[in-house]
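Reader: Please choose a single part of this model for a close look, and describe the elements that surround it in one connected account. I would like the reasoning to be kept apart from the plain geometry wherever that can be done.

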Amino acid sequence: MSPKIGQHILVVEDEADIAELVRYHLERAGFGVRIALNGEDALRAVETQCPALIVLDLMLPDIEGTEVCRQIRRTPETAGLPILMLTARGEEMDRGVGFELGADDYMTKPFSPRELVLRVKAILRRSTRRHPDEEEQIRAGDLTVDVGAHRVSVQGTPIALTATEFDLLVFLMRSPGKVHTRDGLLDAVWGHDYIGYDRTVDTHVRRLRKKLGTAAEHIETVRGVGYRFRRDW
Ligand code: CA
């Protein structure tokens with residue numbers, strides 16, 4: 001049973017004040033908003049009616065936000081669901097950890113609600129740039145990407161990628177042999193308005209390679225410049 005795709009944003013946060021603040025700003029920007037106060041409710045809500053995006057706090061009273069994220073990523077129907085992670089851990093947390101956990105973006109508390117709205121819009125713009133009726137299939141060796149269906153497989157085995165990882169892979173595959181700088185990739189995949197961290201691109205490439213397994217070597221590091229997709233190696 002695949003969930004119905006909704007247009008709303010699901011805010012997962014047990015601190016009611018913060019949840020309401022986020023709701024207020026998102027609604028003012030024109031989004032429909034639902035709130036889940038714990039991890040169980042969040043997973044149930046996603047299963048019932050899949051949101052367009054999830055704002056997910058890491059510190060929840062029952063299941064950890066990281067586990068909620070993992071479960072969403074493990075389920076094929078929701079694997080590409082955009083997730084903006086919130087964390088209070090700040091300094092303790094390496095900046096790349098949010099991405100390692102499968103978030104499309106993340107913010108550290110305390111955050112500016114206006115910036116949160118901007119980031120939500122940026123993530124959604126990236127995911128709506130995809131054309132659902134596009135039937136393009138791109139192949140390289142054992143790697144097959146079905147662009148319209150948002151499916152990736154290596155030697156016939158499906159690989160679950162986040163929305164951002166998928167966009168990055170498709171962008172690289174569409175220009176095989178061309179070297180892309182990190183700045184160029186940030187512009188093309190994340191968008192000009194993305195407020196990125198230095199290691200955003202590297203972290204995503206690392207995750208992507210790990211998931212691609214034997215097909216990882218298609219993505220080549222060009223020292224001091226950036227990355228390039230190779231059809232063969
Ligand atoms: Ca919390």
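Author: Two residues are said to be in contact here when heavy atoms of the two lie within 4.5 Å of each other. The model is a predicted one, and the part chosen for the close look is D104, a residue in the loop between α4 (97–100) and β7 (105–108).

Leaving aside the neighbours within four places in sequence, D104 is in contact with R73, L81, P82, I83, F99, I123, R126, T162, A163 and T164. A residue counts as buried when its relative accessible area is under 20%, and D104, at 0% relative accessibility, therefore belongs to the buried ones. Among its contacts, T164 deserves separate mention, since a polar contact of 2.6 Å joins the side chains of D104 and T164. Another position to compare along the chain is H204, which stands 100 residues from D104, while the C-alpha atoms of the two are separated by 9.3 Å.

From T164 the account passes to helix α6, which spans residues 163–173. Of the 11 residues of α6, 10 are buried, so the helix is largely enclosed by the rest of the structure. The buried residues of α6 are A163, T164, E165, F166, D167, L168, L169, V170, L172 and M173, and two of them, A163 and T164, are also in the list of contacts of D104. Helix α6 lies across β8, β9 (143–146) and β10, and runs at about 110° to β9.

Those three strands belong to an open sheet of four, in the order β8-β9-β10-β11, with antiparallel pairing. At the edges stand β8 (137–140) and β11 (157–159), each with a single partner strand, so that one side of each is left without a neighbour in the sheet. From one strand to the next, the twist in this sheet averages 25°. Its pairing can be followed in detail between β10 (residues 151–154) and β11, which are joined in the antiparallel sense over three bridges; within that pairing, S153 has P158 in β11 as its bridge partner.

On the other side of the account is β7, the strand at the end of the loop that holds D104. Strand β7 is part of an open sheet of five strands, in the order β3-β2-β5-β6-β7, and here the pairing is parallel. The edge strands are β3 and β7, each of which pairs on one side only, and neighbouring strands of this sheet are turned by 15° against each other on average, with direction ignored. Strand β7 pairs with β6 (residues 83–87) in the parallel sense over four bridges, and the bridge partner of L86 in β7 is M107. I83, one of the contacts of D104, lies within the residue range of β6.

Two helices lie across strands of this five-stranded sheet. Helix α3 lies across β5 and β6, at about 150° to β5, and R73, another contact of D104, falls in the range of α3 (65–74). Helix α2 lies across β2, β3 and β5, running at about 170° to β2. In α2 (residues 39–48), the buried residues are G39, A42, L43 and V46; they cover an arc of only 95° around the axis, which puts them on the same side of the helix. These buried residues pack against β2, β3 (33–36), β4 (49–50), β5 and α3, whereas the face of α2 turned away from them carries the exposed residues R44 and T48. The N-terminal end of α2 is capped by N38, a side-chain oxygen of which lies 3.2 Å from the backbone nitrogen of E40.

Strands β2 and β5 of the sheet also lead to the calcium ion. Its protein donors are E13 (OE), D14 (OD), E15 (OE), D57 (OD) and M59 (O), at 2.1 to 3.2 Å from the ion, and along the chain these donors follow the spacing E-D-E-x41-D-x1-M. Distant parts of the chain are linked in this way: E13 sits in the loop between β2 (9–12) and α1 (16–28), D57 sits in strand β5 (residues 53–57), and the two are 44 residues apart. E13 has 0% relative accessibility and therefore counts as buried, and the 0% computed for D57 places that residue among the buried ones too.

Terms used. Residues numbered from 1 in each chain as written. Predicted model: local features only at pLDDT ≥ 70, side-chain atom pairs only at ≥ 80, totals over all residues. Heavy atoms only, no water. Pairing = 2+ DSSP bridges. Axes fitted to C-alpha atoms, helices over the stretch in contact; angles between N-to-C directions. Donors = N, O, S within 2.8 Å, 3.2 Å for Na, K, Ca; no water. Buried < 20%, exposed > 50% of the residue type's maximum accessible area, 1.4 Å probe, protein only. Arc of directions from axis to C-beta. Polar contact = N/O pair within 3.5 Å; in protein donor to acceptor, adjacent residues only side chain to side chain.
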